[in-house]
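Okay, thanks for making time, everyone. Let me put the model up on the screen and we'll walk through a few parts of it.

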Amino acid sequence: MARRSAEPAGNGHATLTRRRSERFLAGLADCSCVSFVSHVHLDPDSLGSMLGLAHLVETCLDKPVRLIRDGLINRAENRAMVELLDIDLVPLEEVTWAADEAVVMVDSQPNTGRHTLDADVPLYAVIDHHETLGDLAGIPFVDLRRNVGATCSIVTSYLTEQEVELPPRLATALYYGIETELNGHPRESNALDDSSLNLLYPLADKDGLAQIRNARLPHAYFQTVLQAMQSSFIYDRLIISWVDELPQPELAAQVADFLIRFDEVDWALCAGVCGNRLVLSLRTATAQGCAGDLLQQVVGKLGSAGGHHRRAGGVIKLPSTAPSAIEDVQGELRRRLLKALHIDECRGQRLVALRDMLQNLQT
Ligand SMILES: [Mn+2]
């Protein structure tokens with residue numbers, strides 16, 4: 001009965017999940033191969049989910065699989081994960097689709113503005129946990145669980161239901177995918193996340209995990225953090241950080257993660273200019289925040305946004321990269337965010353006073 005005890009405990013939908021994993025595999029019976037896609041700038045949750053489902057398909061159906069990368073992976077930890085676990089990724093621009101190929105989207109939904117996959121490519125399945133609803137019409141298999149913290153937890157349940165053995169490399173990827181999504185709050189998400197972490201940890205490569213978590217950071221990271229600190233403004237329980245030159249889109253999330261630890265705020269937004277886009281990352285320290293819904297409402301038709309309770313991301317396409325045009329968008333964004341958080345319009349107080357910045361330069 002060892003296998004049975006390995007099933008994630010506390011999941012009241014075990015039978016339903018079994019049916020889901022079986023239904024997922026049954027629908028792939030006639031395809032020649034299975035390709036996995038996700039959102040742009042793959043993160044650990046999407047990487048782990050793709051790897052897990054690919055392993056499930058290879059093991060149970062013995063069909064060829066491929067993992068497709070949309071955009072670059074810049075974040076140091078995510079690059080370390082790909083390198084260390086030797087994850088083979090095919091760039092989306094190099095992909096040609098076969099007629100009898102099944103395409104599975106994980107950790108994202110179609111038409112949410114989070115990927116560059118052609119809308120004409122038919123999807124067989126969408127497996128996701130995001131609050132932001134996409135266009136799911138006509139997709140044969142949909143497993144959308146907004147109350148689960150990580151797509152990797154859903155994928156772990158498929159693997160355990162099918163009693164597939166988890167090699168250390170896969171356990172490491174799934175574990176890290178869940179860990180990064182939960183950001184230290186496993187019990188706020190779902191019993192399935194917590195039980196998946198418990199199941200995966202003994203199987204994961206702990207040295208590998210340590211190397212991924214502590215990946216060496218490039219010069220650009222420190223330059224961006226300094227830029228962000230010098231341009232952060234506090235409005236009541238909100239801090240906004242404007243970055244004029246964001247070298248990589250993922251850095252906005254790293255700045256927001258850093259700022260939300262500040263004990264005088266409950267909300268942190270980083271907005272960085274990256275090419276002709278303003279990349280947004282929002283965090284809240286309140287357990288019942290609705291960061292995803294809030295950012296979507298704030299951004300509105302200016303761009304696209306979405307996410308989860310505590311974390312959200314978004315993008316606004318800039319009409320021009322002239323400083324005045326950027327300032328207009330920043331002003332509108334700030335006004336909308338203050339309104340959404342019921343904070344009176346006020347002059348932001350600098351996180352680091354100008355006087356201190358100048359003094360630091362002189363010493
Ligand atoms: Mn995710």
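So, a question to start: how are the donor residues of the manganese ion spaced in sequence? The pattern reads D-x61-D-x21-H-x51-E. Bear in mind, by the way, that this is a predicted model. The protein donors here are Asp 45 through OD, Asp 107 through OD, His 129 through NE2 and Glu 181 through OE. They sit 2.1 to 2.6 Å from the manganese ion.

Look at Asp 107 and His 129 for a second. Asp 107 is in the loop between β4 and β5, while His 129 is in the loop between β5 and β6, so this pair, 22 residues apart, links distant parts of the chain. Are these two buried or exposed? Asp 107 has a relative accessible area of 0%, so it's buried. His 129 also comes out at 0% relative accessibility, and that counts as buried.

Now, on to the sheet. We've got an open sheet of 6 strands, and going across you read β3-β2-β1-β4-β5-β6, with parallel pairing. At the edges you find β3, residues 89-91, and β6, residues 141-144, each pairing on one side only. On average, neighbouring strands are turned by 25° against each other, ignoring direction. If you zoom in on the β3 end, β2, that's residues 65-69, pairs with β3 in the parallel sense over 3 bridges. Arg 69 has Pro 91 in β3 as its bridge partner.

What lies across this sheet? Helix α3, residues 44-61, lies across β1, β2, β3, β4 and β5. It runs at about 165° to β2.

Let me swing round to Arg 146, in the loop between β6 and α5. This one is partly exposed, with a relative accessible area of 37%. Which residues does Arg 146 touch, leaving aside its neighbours within four places in sequence? It's in contact with His 129, His 130 and Glu 131, and His 129 is one of the manganese donors we just met. For scale, the C-alpha atoms of Arg 146 and Leu 133 are 9.7 Å apart, and those two are 13 residues apart along the chain.

Okay, helices. Helix α5, residues 151-161, packs with α6, residues 168-182, at an angle of about 145°, and the axes are 9 Å apart. From α5 you have Cys 152, Ser 153, Val 155, Thr 156 and Leu 159, and they meet Leu 170, Ala 173, Leu 174, Gly 177 and Ile 178 in α6. By class, that contact has 7 nonpolar, 3 polar and no charged residues.

Next, α9, residues 206-213. Gly 208, Leu 209 and Ile 212 are buried there. Those three cover an arc of only 100° around the axis, so they're on the same side of α9. And what do the buried residues of α9 pack against? That would be α4 and α6.

Last stop, α11, residues 251-259, which is mostly covered, with 7 of its 9 residues buried. The buried ones are Leu 251, Ala 252, Ala 253, Gln 254, Val 255, Ala 256 and Leu 259. The elements covering them include α4, α10, β7, β8, β9 and β10.

That's my tour, folks; happy to rotate the view for anyone.

How values were computed. Residues numbered from 1 in each chain as written. Predicted model: local features only at pLDDT ≥ 70, side-chain atom pairs only at ≥ 80, totals over all residues. Heavy atoms only, no water. Axes fitted to C-alpha atoms, helices over the stretch in contact; angles between N-to-C directions. Helix = DSSP H or I, 4+ residues; strand = E, 2+ residues; numbered from the N terminus. Contact = heavy atoms within 4.5 Å. Nonpolar A, V, L, I, M, F, W, Y, C, P; charged D, E, K, R; others polar. Pairing = 2+ DSSP bridges. Donors = N, O, S within 2.8 Å, 3.2 Å for Na, K, Ca; no water. Buried < 20%, exposed > 50% of the residue type's maximum accessible area, 1.4 Å probe, protein only. Arc of directions from axis to C-beta.
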